[in-house]
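Biologist: Mind walking me through this one? I'd like to hear the reasoning behind each label.

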Amino acid sequence: MNSNYFRLHSLKTRVTLFTLGVFLLSIWLLTAFVSRTLRQDMQDLVGAQQFATVSMVAADINDEVLARFDALNLVAVALPSAISKGDAAVQTMLESR
């Protein structure tokens, strides 16, 4: 019993346990730091991808809206001449477009 007590309080045992504690604490701190850094990098990357996707979809929608405005302008240019010819001419012109 006495020899077991001295083994636990010997200098070798204390140095070994202290070194093990420092090593485990270092591993834990490194893991926490890497985890936080990785999480931030992933959030930045996903945010950039989502922004790129939304920008591309918005550009496509804008192009479609502009194409429809151009088509409406073409109809609006031809409409006054059809109006002067009567309702049937307007209906025929709109159906042909």
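Biologist: What pattern does the chain follow, read along the sequence?

Modeller: This is a predicted model, and its pattern along the sequence is α-α-α. That fits the tally of three helices and zero strands.

Biologist: What makes you call the chain more spread out than a compact globule?

Modeller: The radius of gyration is 38 Å, while the globule rule gives 13 Å for 97 residues. The chain's value is well over that, so "more spread out than a compact globule" is a fair call. You can picture it from the box filled by the C-alpha atoms, roughly 120 × 20 × 10 Å along the principal axes.

Biologist: How many of the 97 residues count as buried?

Modeller: Just 5% of them, where buried means under 20% relative accessible area. The accessible surface of the chain is about 8800 Å², and carbon and sulfur atoms account for 68% of that.

Biologist: Why is Leu72 called exposed?

Modeller: Its relative accessible area is 54%, and the cut-off for exposed is over 50%. Leu72 passes, so exposed it is. Leu72 sits in helix 2, which covers residues 11-85.

Biologist: And why does Ala52 count as partly exposed?

Modeller: Ala52, also a helix 2 residue, has 45% relative accessibility. Partly exposed is the range between under 20% and over 50%, so Ala52 gets that label.

Biologist: How far apart are the C-alpha atoms of Ala52 and Glu64?

Modeller: They're separated by 19 Å, with the two residues twelve apart along the chain.

Biologist: Which residues make the nonpolar surface patch?

Modeller: Val57, Ile61, Val65, Leu66, Phe69 and Leu72, giving about 550 Å². A patch residue needs over 30% relative accessible area, and Leu72, at 54%, clears that.

Biologist: What about the charges: how many positive and negative side chains are there?

Modeller: There are 8 positive and 8 negative ones. The centres of the two sets lie 32 Å apart.

How values were computed: Residues are numbered from 1 along each chain as its sequence is written. This is a predicted model: local features need pLDDT of at least 70, side-chain atom pairs count only at pLDDT 80 or more; totals for chains, interfaces and linings use all residues. Side-chain values use heavy atoms; hydrogens and water are left out. Helices (H or I, at least four residues) and strands (E, at least two) are DSSP runs, numbered from the N terminus. The radius of gyration is taken over C-alpha atoms; the globule rule is 2.2 Å times the number of residues to the power 0.38. Buried means under 20% relative accessible area, exposed over 50%, partly exposed in between (1.4 Å probe, protein chains only). Accessible areas come from the Shrake-Rupley method with a 1.4 Å probe; for residues, only the protein chains shown count as cover. Lys and Arg count as positive and Asp and Glu as negative; His and the chain ends are not counted. The place of a charge is taken as NZ of Lys, CZ of Arg, CG of Asp or CD of Glu. Patches are made of residues with over 30% relative accessible area and no salt bridge: like charges are joined within 9 Å, nonpolar side chains (Val, Leu, Ile, Met, Phe, Trp, Tyr) within 5 Å. A salt bridge is a side-chain nitrogen of Lys or Arg within 4 Å of a carboxyl oxygen of Asp or Glu.
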